[in-house]
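Please read this briefing with the sequence and the structure side by side. It covers overall dimensions, domains and the contact between chains.

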Amino acid sequence: MNKFRKLISSHLFLPLFALGLLLIFNAFATPGFFHIQFQNGQLFGRIIDILNRASVLVILSLGMTFVIATGGIDISQGSVIAISGAVCCSLIGGAGDGTARMPLVLACLIAVTVCMLCGVWNGFLVSTLKIQPMVATLILMTAGRGIAMLITAGQNVPVYYTPFTYIGNTIPGSPLPTTIYLAIGMVLLVVLVQKKTSVGLFIQTVGINSKAAHGSGLNVNSIVFLVYIFSGICAGIAGLMDASMIAAADPNNAGLNMELDAILAVALGGTLLSGGKYYISGSIIGAITIQTLTTTLYALGVSSEQLPVCKALVVILICLLQSDKVKRLLEQRSYRKAVDQA
Amino acid sequence: MSEPLLIMRGIYKYFPGVKALQNVDFTLRAGEIHALMGENGAGKSTLIKVLTGVYPRDAGEVLMEGTPIAPASPLEAQKAKISTVYQEVNLCPNLSVAENIFIGREPKKAGRIDWKTVNRRAEELVRQLDLPIDVTKTLDSYAVAVQQMVAIARAVNVDAKVLILDEPTSSLDENETQRLFAVVRRLKERGMGVVFVSHFLDQIYELCDRVTVLRNGELVGEYEIGKLPRMELISKMIGKELGNIQSVNAGGAPQAGEILLEAEGVSAFGRIQNLNLTLHRGEVVGFAGLLGSGRTEAAELLFGLARPEQGALKLEGKPVRFSSPLEAMRHKIAFCPEDRKVQGIIGDLTVRENIILGLQAKKGAWSHIPIKEQERIADEYIRMLQIKVSSPEQLIRNLSGGNQQKAIIARWLVTEPDLLILDEPTRGIDIGTKAEIQKMIVQLAREKNMSIVFISSEIDEMIRTCTRLVVLRDRKKVAELTGGEINSDRVMAAIAGGV
């Protein structure tokens, strides 16, 4: 009984439970869901597809987790994704002959740097000018797609340079898609920073009690600044993957509403939107769960227009399960049952 | 002798791993003011929360005028005519006084709130309590003391028979306290039963009729206040004879060493005017004065929480300017703030994390203190300051007030400061811990050669611990007393302006 309770109250319980449900459902509803094929030194299968797409979301939600932990939010991530794709694709060039105008690595670095500057802008608004995070990042959310349009001169920019497609797909000879390596790399980086520095402690401190944090010698402004910059970088990397998957920059649709998925992943992972304690592992599993849900719904034939409705239902469910009131009700019931049995 | 109004009998309350209340009895008569006393963690707050329906009780009965009640929420308790005014005023600062008094039960006319009646009745109510305030003004335009009395007015208006005052005076100065007492006495005459929780002995003896003492969740006894000498009350609360409680400074005042910090004509608008001050190593300097006299503001200037507009600070002869607490910390200055909950603790972090936070902030995020080292530091200071924790990994918000305070002091001691500023370190904590902290202050100055600035509203404890007293009034330094000059008459006179 006690163990069961401990399990339920763990922050990982909810995302894992949801993921488990989805997988069980798919095992019956989607034939060949777990089937993985090995062809030409490469793995194929629905699970791999999900992990491929989920990697984008995992990276986004890493950035979002820290922003939310400081008590903020970054709703500009989706637009920054569009900027990242636009910058990178425009630099490489859309000439139809399959060559690149600029070396791939340099183009990617510039794109991520631009996105980092977007983060600097957000950080400046929130930490220096003290604008509410939702409003501050709303500015770039609305303006971001316009900026991406300006960069691409209002066009979609297709890229015919094959190595570019490797970022969002598979490098020949590798069994797994590059996205998965990138996501693992980012996660390892975050874990390393958490282990070897006090950044995590400081972020939580700021999120829990920023006044006391200031009085204890923390530079609250620079910590807040930092998390928005990191969020921008994450969105930049995610934007490269996203553009690479379709081998084009699509300022209108790239990363559309993805910031909401990222927020959902963080919430599902047990991090409170009011800030404070955060759970990286929860956010990662949350991101994978949400991508699994999306893929499952597509597989069931739900159209992309109706998809948000289904996601909304999931959000309601999560909110219910996370609310203290409902938790207490459930606990009381299980407690009463235990008493009855005893 | 009047009939008991409220009887609590054999109350038990358990929390995971803790027996918070064991077989506690409590009786309140109509028309009496009854003090509830005990150290932090003795069970006062738990008993009150059981009575007001915040926590369900695990055993025992509560009789209100002979009828058993079991309130499951503060609202139900209110309906049973039990009202509570908490230490932190829990009203809405940006609503008007009248709105605050009537919120949730506004008189209505044709489905709309009848503002005329609201304001008229609020007016009557504050007049009854002798409060000269405008009920249509927002609550935050008045001092905390007035807000507290508005909270009482609200409690009275719900037709309560039992009024619980939980540390109502901890943020009030002497004058405000007296006004509050006048109101409470008026309510007593009307036949209300008042439960008064406070750490201030003087106030208990001045105001209360009887006292119930709790210790470690158990009932020690119920006494007529007039028949219980103070020292006896204290020893009942602490459970041991505390001979040294009066003589923290018995070993003679610490000897002042070389000059550490000098302030020359430091001013900041709305905070302090023309402050001249010299702090030596190895001395305890008290900042005495009423709330708002500039004592906290002066300390904040020394710690970089506010910037001086004029004048200069000199640290060991060299001019310094602090633009943030971090810079002050790098110059070995530490500041333990007044409001523990808002400015001190990081509630959702562990005791260990709270203790090492200051040192880690000083070192910067990139020079991470290894976990092993953090644990060693936390253990060392938990033992040194005798902080009562089940483990260093316990969340600090689950500690009692006194232990939270010790953990915050530990946070600053870990940074090994030369100058330690303690702003009201003993407010709202029990007498035993208070004495420990006073003793520690003297020890730190004497043995570690630290310079300590000690701010307190309790003149007695300042007289006991300080080598020098700086008296502030209306944001100006008005007197400086040393040695034999430090006695309560002189200090009071200086604070009041009679020097």
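With 499 residues, chain B would be expected, as a compact globule, to have a radius of gyration near 23 Å, and its value of 24 Å agrees (taken over C-alpha atoms, with a globule rule of 2.2 Å times the number of residues to the power 0.38). This is a predicted model, in which local features need pLDDT of at least 70 and side-chain atom pairs count only at pLDDT 80 or more, while totals for chains, interfaces and linings use all residues. Residues are numbered from 1 along each chain as its sequence is written, and chains are lettered from A and ligands numbered from 1 in the order in which they are written.

**Dimensions and burial**
- The C-alpha trace of chain B spans about 70 × 50 × 50 Å along its principal axes.
- In chain B, 49% of the 499 residues count as buried, meaning that 20 or more other C-beta atoms, placed from the backbone, lie within 10 Å of the residue's own.

**Domains**
- Chain B is divided into domain 1 (4-243) and domain 2 (259-496), with bounds that come from an automatic or database domain assignment.
- The C-alpha centres of domain 1 and domain 2 of chain B are 31 Å apart.

**Side of chain B that touches chain A**
- Contact, defined as C-beta atoms placed from the backbone lying within 7 Å, links 23 residues of chain B with 20 residues of chain A.
- The largest share of this side of chain B, six residues, is supplied by α12(B), where helices are DSSP runs (H or I, at least four residues) numbered from the N terminus.

Note on methods:
Buried ≥ 20, exposed ≤ 12 C-beta atoms within 10 Å, placed from the backbone. Contact = placed C-beta atoms within 7 Å. Helix = DSSP H or I, 4+ residues; strand = E, 2+ residues; numbered from the N terminus.
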